[in-house]
Amino acid sequence: MNGATSTEGPLWEVFVRSRRGLSHTHAGSLHAPDATMALRNARDLYTRRGEGVSIWVVPATAVIASSPDEKDPFFDPAADKAYRHPTFYEIPEGVKHL
Amino acid sequence: MTTAQATDTVDQQADFDAVVSAEGRIEPRDWMPDAYRATLVRQIAQHAHSEIIGMQPEANWITRAPSLRRKAILMAKVQDEAGHGLYLYGAAETLDVDRGELLDKLHAGRQRYSSIFNYPTLTWADVGAIGWLVDGAAITNQVPLCRCSYGPYARAMVRICKEESFHQRQGYELLHALSHGTPAQHAMAQDAVDRWWWPSLMMFGPPDDESSHSEQSMAWRIKRHSNDELRQRFVDICVPQAESLGLALPDPDLRWNEERGTHDFGEIDWSEFQQVLRGNGPCNEQRLDQRRTAHENGAWVREAAAAHAAKHSARTSDDAVSGTATGEGAMAG
Ligand SMILES: [Fe+2]
Ligand SMILES: [Fe+2]
């Protein structure tokens, strides 16, 4: 029997825009030999019930990720800057539209 | 292992435990215990295999569906099951296994699929019984998996559960039509329920005191409820549904227990379950043969597609679908 391993094709990440006005969101991944097939497969796999009006497929190898695990010091600089949030500021009572 | 590495592992284990016990989600690139990874691979692979093997008993009736409406519905359902398999193989691949490798293991009989699919679909009413009972039992099992501690598996389950509800309803509607049809149709519906009821109850797995993986899976929050708990929930859901169908559930011991506030039901024949698991069910051999044959028959399609892709990329250095990528694509964030 022909092993399944060799013929799976590269992995693609699929992003779907569910409707106009919203951004594309990661839906999942799939295997396909090329971009055209990846798009068709993504349509059949992720939009069988009108879940999308636009699809992006990206070779999984083209995704550059921030860090090997998802809580490293990379994001630390944001942790101690509460003054970037509006709730940090005290405003006198009764002041409106602020 | 050096002392530094050992300390690392202890820290990582502590981080992992903290995320899991805080109802957080473990994501693919996080550190995880080897046994957690192995358990997930085994469970997700078995689940994926079940989805694609599960296409066979129903696909058996597509050409003989009694109306165009029923045929279109059945095709859509079987196609959904293929999709469920793909979502799940995708989730498994985030754990550093290869889909091809998992399929090879299925084909070699080294990984399992749900034993429910080793029963035959003898009549059209079986399509209804599968939708109502088999998809119904699957939903009862799968809804808690939407909160599984492993992110990609949980996300796949959310997608799957949304689609399953149509599967169950179309089966129920089909049985309802038969049950309220001619006496012969009613008898056919009853016969299907008689044959599928007990195997459906077995889908929840062995009783709690014999379930080997349960405790650890609960601690890891892969599993949320015990086999017996889910089975009981399913029985309680089905009893009133069977009444509306006008069909009887084939269990003389089934009755409401006022004190427990739930239904008592009869003893399950676990020796049958073990037999089917061991490969001695009515259709084990046929299902696996058909899967292997389908895979081999599709080889030329995969090879042709790969050859086309190779030729195309040699001819154009550009993207195969240049023109669809807009400037916005570059800003994907
Ligand atoms: Fe499914
Ligand atoms: Fe289903």
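Let's start where the two chains meet: the side chains of Arg48(A) and Asp80(B) form a salt bridge, 2.8 Å from N to O, where a salt bridge is a side-chain nitrogen of Lys or Arg within 4 Å of a carboxyl oxygen of Asp or Glu. The pair crosses between chains, going from the loop between α1 (35-46) and β3 (54-59) of chain A, home of Arg48(A), to helix α4 of chain B, home of Asp80(B). Helices here are DSSP runs of H or I with at least four residues, strands are runs of E with at least two, and both are numbered from the N terminus. Arg48(A) is partly exposed at 21% relative accessible area, while Asp80(B) counts as buried at 2%. Those words have fixed cut-offs: buried is under 20% relative accessible area, exposed is over 50%, and partly exposed is in between, using a 1.4 Å probe and protein chains only.

Before going further, a word on provenance. This is a predicted model, in which local features need pLDDT of at least 70 and side-chain atom pairs count only at pLDDT 80 or more, while totals for chains, interfaces and linings use all residues. Residues are numbered from 1 along each chain as its sequence is written, chains are lettered from A and ligands numbered from 1 in the order in which they are written, and side-chain values use heavy atoms, leaving out hydrogens and water.

Over all chains, a search of the whole structure turns up 21 salt bridges. Another one pairs Asp191(B) with Arg195(B), with the closest N and O atoms 3.0 Å apart. Both residues sit in helix α8 (residues 183-202) of chain B, 4 residues apart, or about one turn of the helix. Asp191(B) is partly exposed, at 33%, and so is Arg195(B), at 25%. Back at our starting pair, salt bridges with shared partners join Arg48(A), Arg49(A), Asp80(B) and Glu163(B) into one network.

Now for the metals. Which residues hold the iron ion (ligand 1)? Its coordination comes from Glu51(B) (OE), Glu81(B) (OE), His84(B) (ND1) and Glu164(B) (OE), at 2.0 to 2.3 Å. Donors are N, O and S atoms within 2.8 Å of the metal (3.2 Å for Na, K and Ca), and since water is not among the atoms, sites may look incomplete. The 4 donor atoms make angles of 83 to 155°, and the site is irregular. For four donors, tetrahedral would need all angles between 85 and 135 degrees, and square planar would need opposite donors over 155 degrees apart with all others between 65 and 115.

The iron ion (ligand 2) has protein donors from Glu81(B), Asp135(B), Glu164(B) and His167(B), lying 2.0 to 2.7 Å from it. Glu81(B) bridges the two iron ions, which lie 3.3 Å apart. Distant parts of the chain come together here: Glu81(B) is in helix α4 (residues 68-93) and His167(B) in helix α7 (residues 151-179) of chain B, 86 residues apart. Both Glu81(B) and His167(B) are buried.

Finally, the packing. The largest nonpolar core (buried Ala, Val, Leu, Ile, Met, Phe, Trp, Tyr and Cys residues joined through side-chain atoms within 4.5 Å) has 91 residues, and Tyr36(B) is one of those touching the most other members. Helix α6 (residues 125-142) of chain B supplies the largest share, 9 residues. In chain A, strand β2 (residues 25-31) is largely enclosed by the rest of the structure, because 5 of its 7 residues are buried.

Terms used. Tetrahedral: all angles 85-135°; square planar, octahedral: opposite > 155°, others 65-115°.
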